[in-house]
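Student: I'd like a close look at the charged pairs in this model and at what surrounds them. Please give the cut-off behind each term as you go.

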Amino acid sequence: MRPLLLTLGLGAALSLGSTGCIKSALTNGQISATREASSALDTIGDYEMAGGAARAGLVQFEGMHVLAPSNSDALFMLTKGWVGYGFGFVEDEMEAAEDAGDDDLADYHRKRARMAYDRAVFYGLQLLAQNADGFEQAKKTEQNLVKWLSDNFSSKDDAENLFWTGYGWMARVNLMKGDDTEGPAFIAELYVGVSMVERAMAIDPSLEHYSGLVALAAYHARTGMAEMDQAKQLFDTALAKTEGKNLMVLLNYGTKYACMKGDGALYQDMLNKVLQAPDPDPYQRLTNAIAKRRAKRWMGKKRVKDACGIDLTQAK
């Protein structure tokens, strides 16, 4: 009887182990397939529909992450998804509240965007840690961080991971720069996100339709006293590479570079090109829809006057 019970016990244990492996394989397979299919969202130009899909997708991947906490595809989609949601949808609501003069609502949406970027960076750093540890020590100085990134990240997959983590870091700094309490600390570590995006662009500059070049160009145009010549060079390169298909290039050229230069004519030219563009690329419809929404808002006379010191009625 005891040998029989032992045999049955071993059989049950093996069966449970096999079931666990099958469940894990199915979960990982579903996550991988969902990541591959997620690019379909980029082809949807219906902003409201895309917003609902983005929210549902984030909830789905949060659940998948619980089931497979070390799955790199889930970590990647959470990093990218929270960045895209924060920038494309929550900041849009924040800007609309600002233009409506509702400071309380704008602050509410700002906190939501901060949460989105916090989660993006949190998951992104977990993803990078699968390649190499030592980030906290490396980021203490820009020089050490650049070396750490160069030593440990060199593949195209690495470039994607670095770009979205770095972009989330930079977006959070930009969001918080006006906060008297926390802003200075975030600004002091802006180089972390910049270094990540620079390393990503060194590996694959065409990533995400040259979005890294746009992010870096906007960074160099962060103030009128920053590296404006470098910003222009990057914007011009991005324009040439994307052939007008990525409207975010034009939007940022206007709202960052032309804004900081106080060049009303260039500002209007860039934003009008965004607004007048047809459907330049079916694979960038969502991004371009977001660019058009922002361009229309940033053509508001009060917004451009307050943010850029430009009087559009005087621009020629």
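Tutor: Let's start at one end of a charged pair: Glu48 is exposed, with a relative accessible area of 54%. Here, exposed means over 50% relative accessible area, buried means under 20%, and partly exposed is anything in between, with a 1.4 Å probe and protein chains only. Keep in mind that this is a predicted model: local features need pLDDT of at least 70 and side-chain atom pairs count only at pLDDT 80 or more, while totals for chains, interfaces and linings use all residues. Residue numbers run from 1 along each chain as its sequence is written, and side-chain values use heavy atoms, with hydrogens and water left out.

Glu48 has a partner. It forms a salt bridge with Arg293, and the closest N and O atoms are 3.7 Å apart. This pair joins distant parts of the chain, since Glu48 sits in helix H2 (residues 47-67) and Arg293 in helix H14 (residues 285-298), 245 residues apart. Helices are DSSP runs of H or I with at least four residues, strands are E runs of at least two, and both are numbered from the N terminus. A salt bridge needs a side-chain nitrogen of Lys or Arg within 4 Å of a carboxyl oxygen of Asp or Glu. Arg293 counts as partly exposed, at 29% relative accessibility.

A second pair involving helix H14 reads differently in burial. Asp92 and Arg294 form a salt bridge, with 3.8 Å between the closest N and O atoms. Asp92 lies in helix H3 and Arg294 in helix H14, so this pair ties together parts that are 202 residues apart in sequence. Which side of the burial cut-off do Asp92 and Arg294 fall on? Both are buried.

These residues belong to a wider set. A network of salt bridges links Glu48, Asp92, Arg293 and Arg294 with Glu95, Glu98, Asp99, Asp107, Arg110, Lys111, Arg297 and Arg303. One of its members, Lys111, lies in helix H4 (residues 103-129) and counts as exposed at 56% relative accessibility.

Helix H3 also takes part in another pair. The side chains of Lys80 and Glu208 meet in a salt bridge at 3.6 Å, N to O. Because Lys80 lies in helix H3 and Glu208 in helix H10 (residues 207-220), the pair ties together parts that are 128 residues apart in sequence. Lys80 is partly exposed, with a relative accessible area of 22%, and Glu208 is partly exposed, also at 22%.

In the helix of Glu208 there is a backbone detail to check. Tyr210, which lies in helix H10, has a positive phi of about 65° although it is not a glycine. As background, most residues other than glycine have a negative phi. Tyr210 counts as buried, at 18% relative accessibility.

Helix H3 has a nonpolar side to its story as well. The largest nonpolar core has 92 residues, and those with the most contacts inside it are Trp82, Leu145, Trp148, Leu162 and Tyr267. Helix H3 (residues 72-99) contributes the largest share of this core, 11 residues. Such a core is a set of buried Ala, Val, Leu, Ile, Met, Phe, Trp, Tyr and Cys residues joined through side-chain atoms within 4.5 Å. Not counting residues up to four places away in sequence, Tyr267 touches residues including Thr255, Trp298, Met299 and Val304, where contact means heavy atoms within 4.5 Å.

Now for the wider setting. The structure holds 28 salt bridges. As a general point, side chains of opposite charge can pair when their charged atoms come close. The protein has 35 positive and 41 negative side chains, and the centres of the two sets lie 1 Å apart. In that count, Lys and Arg are positive and Asp and Glu negative, with His and the chain ends not counted; the place of a charge is NZ of Lys, CZ of Arg, CG of Asp or CD of Glu. The protein comes to 15 helices and 0 strands, and of its 316 residues, 45% count as buried. Among contacts with a separation of 6 or more, 68% are between residues 24 or more positions apart.
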